[in-house]
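Q: Got a minute to go through this one with me? I'd like to start with the surface and then pick out some single residues.

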Amino acid sequence: MNNSSQGAWNNKRHLILASSAASLLWAAIPTVQAEEINLIQERGQVSLGTFLNNSDLKIRVDGETTTGDNVDWDNTFGDKDVTRFRLDGLWRISDRHHMRFMYTDYSRTRTETIDQEINWQDDVFPVNAVVTGGTSFEIIEAAYEYAFMREENYELAGSAGLHYTTLSATLKADVAAPGGGGGTVEIGGPASVDMPLPVIGVHGMWRMGGNFYLDAHAQYFALSIDNIDGSIVNYRAAFIWQPKKYLGLGLGYDSFKIDVDVSKPRFTGSMDWTYAGPQAFINFSF
């Protein structure tokens, strides 16, 4: 299957999975006895779920003497064998002062035969080499929010916080040993970097009626500091059905983009990562 066909199939698969999750959500509504709850007036909430995304990941890792090639991870390795989950939390210290937390993990490993030469950390992966590529993202965010607009059925807050991303990327392959004497040697290896970037944003929640809510936020920041030149853009919107205080269900859409240039001892290069897609999660209030 070529990359275009594979991308089309992935889009269809994501749509089918999201539609199935929505069908299960709506089918469950009549069986649950709703309580009188207002999430905007609750002390806080925690949600845990997964996301079904299309990603666009490009990474370049330089060596000590050469500039690496820009590896298009999705075209080279596809998006199978992926682990992804997301945890969000909101604690209202008071009506207007809040703390918000987020943790997400996105990792994948796959082995493919490459159709073009790749320069990675001073190693050259030849055409037709069988290469194992792995990436891992861990993202932690903590932000303070101030609700400058707040009523019984809606809330709008500004936020400022820190977005901490840990990236690990690995390319490995066994290739013919130099000199033509037979045998193989392993080339490649891991590269990792920690990227703390501050973010500012806006967050709002609207009670649409009954136990249905619209929750949305947008974040942005660009900064050059400590050998990191990067930017973050994140948009998220979700519908939440909260029939019970301790159990709700949500469906949303998230778009996230990180664009950084890094000059660190363990990682000199660049990363351009975008993902966008639907999310499904369970929601707890307290």
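**Surface patch and selected residues**

A: Sure. On the surface, a nonpolar patch is formed by Val46, Leu48, Phe85, Leu87, Trp91, Ile93, Phe101, Tyr246, Leu247, Ile282, Phe284 and Phe286, and together they have about 1000 Å² of accessible area. Keep in mind that this is a predicted model.

Q: Which strands each supply at least two residues of the patch?

A: Strand S1 (44-51), strand S4 (82-92) and strand S14 (268-285) do.

Q: And which one gives the most?

A: S4, which puts 3 residues into the nonpolar patch. Leucine 87 belongs to the patch and sits in strand S4.

Q: How does leucine 87 count in terms of accessibility?

A: Leucine 87 counts as partly exposed, because its relative accessibility is 34%, and that class lies between the 20% limit for buried and the 50% limit for exposed.

Q: OK, moving on. Where's tyrosine 106, and is it buried or exposed?

A: Tyrosine 106 is in strand S5, residues 97-113. Its relative accessible area is 2%, so tyrosine 106 is buried.

Q: How far is its C-alpha from that of phenylalanine 51?

A: The two C-alpha atoms are separated by 9.7 Å, with tyrosine 106 and phenylalanine 51 lying 55 residues apart along the chain.

Q: Let's do backbone oddities. What's the phi of aspartate 122?

A: Positive, about 70°, and aspartate 122 is not a glycine. You'll find aspartate 122 in the loop between strand S6 (118-120) and strand S7 (123-125). With 31% relative accessibility, aspartate 122 counts as partly exposed.

Q: And what about the phi of asparagine 128?

A: Asparagine 128 has a positive phi too, about 75°, although it isn't a glycine. Its place is the loop between S7 and strand S8 (130-150).

Q: Why does asparagine 128 count as exposed?

A: Because its relative accessibility is 58%, and exposed means over 50%.

Q: Last one, serine 159. Where is it, and is it buried or exposed?

A: Serine 159 lies in strand S9, residues 154-176. It is buried, because its relative accessible area is 8%.

Q: Which side chain does the serine 159 side chain make a polar contact with?

A: That of arginine 100, at 3.5 Å.

Q: What else is serine 159 in contact with, leaving aside neighbours within four places in sequence?

A: Besides Arg100, serine 159 is in contact with Tyr144, Glu145, Val199, Ile200, Gly201 and Val202.

Conventions. Residues are numbered from 1 along each chain as its sequence is written. This is a predicted model: local features need pLDDT of at least 70, side-chain atom pairs count only at pLDDT 80 or more; totals for chains, interfaces and linings use all residues. Side-chain values use heavy atoms; hydrogens and water are left out. Patches are made of residues with over 30% relative accessible area and no salt bridge: like charges are joined within 9 Å, nonpolar side chains (Val, Leu, Ile, Met, Phe, Trp, Tyr) within 5 Å. Accessible areas come from the Shrake-Rupley method with a 1.4 Å probe; for residues, only the protein chains shown count as cover. A salt bridge is a side-chain nitrogen of Lys or Arg within 4 Å of a carboxyl oxygen of Asp or Glu. Helices (H or I, at least four residues) and strands (E, at least two) are DSSP runs, numbered from the N terminus. Buried means under 20% relative accessible area, exposed over 50%, partly exposed in between (1.4 Å probe, protein chains only). A polar contact is a pair of N or O atoms within 3.5 Å; within protein, one must be able to donate a hydrogen and the other to accept it, and residues adjacent in sequence count only if both atoms are side-chain atoms. Contact means heavy atoms within 4.5 Å.
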